[in-house]
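Student: Please take one part of this protein and look at it closely. I would like the loop that leads into the edge of the sheet, with enough of the fold around it to place it.

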Amino acid sequence: MTETQQKFFHTIGKDGQIDKQGIVLSRNPGRVTVEFFSWLTGLPNGRQTFDQSDTTAWRFYDSKAAWRNAGDKVFA
């Protein structure tokens with residue numbers, strides 16, 4: 001994983017589709033702490049820490065606009 005702190009992301013479900021959305025809050029050696037956002041309201045709805053290896057299939061975005069554009073396509 002490249003430098004992802006403060007980057008927005010989507011997790012990918014077993015079906016290969018976007019599942020969850022959020023932002024990376026912090027990175028520590030081997031660990032990533034994220035905050036998830038609700039699809040309905042866009043408000044934060046939980047934090048979780050993952051092993052860095054669990055995030056390899058996630059999609060990270062360099063800008064909030066790119067993240068939103070990718071998320072919008074889920075509901076198009």
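Tutor: Start at the N terminus of this predicted model. The elements run β-β-β-β-β-α. That gives one helix and five strands. Of the 76 residues in the protein, 33% are buried. The protein exposes about 5,000 Å². Carbon and sulfur atoms supply 49% of that area. Now take the contacts between residues at least 6 apart in sequence: 36% of them join residues at least 24 apart.

Next, the sheet. The five strands form an open sheet, and the pairing is antiparallel. Their order across the sheet is β4-β3-β2-β1-β5. The edges belong to β4, residues 44-51, and β5, residues 59-61. Each of these two strands has a single partner strand, so one side of each is left without a neighbour in the sheet. On average, with direction ignored, neighbouring strands are turned by 35 degrees against each other.

Move to the β3 and β4 pair. Strand β3 covers residues 31-37. Seven bridges join β3 to β4, and the two run antiparallel. Within this pairing, Phe-36 stands opposite Gly-46 in β4.

Now the loop itself. Leu-43 is found in the loop between β3 and β4. Is Leu-43 buried or exposed? Its relative accessibility is 53%. The cut-off for exposed is over 50%, so Leu-43 counts as exposed. Leu-43 still has contacts: leaving out residues up to four places away in sequence, Leu-43 touches Phe-36, Phe-37 and Ser-38. Phe-36 is the residue that stands opposite Gly-46. A further reference point is Gly-22, 21 residues from Leu-43 along the chain. The C-alpha atoms of Leu-43 and Gly-22 are separated by 9.8 Å.

Ser-38 leads on to the largest pocket. Ser-38 is touched by Leu-43, and Ser-38 is also among the lining residues that lie nearest the pocket centre. The others named there are Gln-21, Gly-42, Trp-67 and Arg-68. In total, 13 residues line this pocket. The pocket volume is about 220 Å³. Which element gives the largest share of the lining? Helix α1, residues 64-74, does, with five residues.

To recap the close-up: Leu-43 sits in the loop between β3 and β4. Leu-43 counts as exposed. Leu-43 touches Ser-38, and Ser-38 helps to line the largest pocket.

Notes: Residues are numbered from 1 along each chain as its sequence is written. This is a predicted model: local features need pLDDT of at least 70, side-chain atom pairs count only at pLDDT 80 or more; totals for chains, interfaces and linings use all residues. Side-chain values use heavy atoms; hydrogens and water are left out. Helices (H or I, at least four residues) and strands (E, at least two) are DSSP runs, numbered from the N terminus. Buried means under 20% relative accessible area, exposed over 50%, partly exposed in between (1.4 Å probe, protein chains only). Contact means heavy atoms within 4.5 Å. Accessible areas come from the Shrake-Rupley method with a 1.4 Å probe; for residues, only the protein chains shown count as cover. Two strands pair if DSSP finds at least two bridges between them. Axes are lines fitted to C-alpha atoms, for helices over the stretch in contact, and angles run from 0 to 180 degrees between N-to-C directions. On a 1 Å grid over the protein atoms alone, a cavity is a set of points where a 1.4 Å probe fits but cannot get out, and a pocket is an open set with protein on both sides within 12 Å along at least five of seven lines; lining residues have an atom within 4 Å of a point. Grid points are joined across faces, edges and corners, and a volume is the space filled by probe spheres set on the points.
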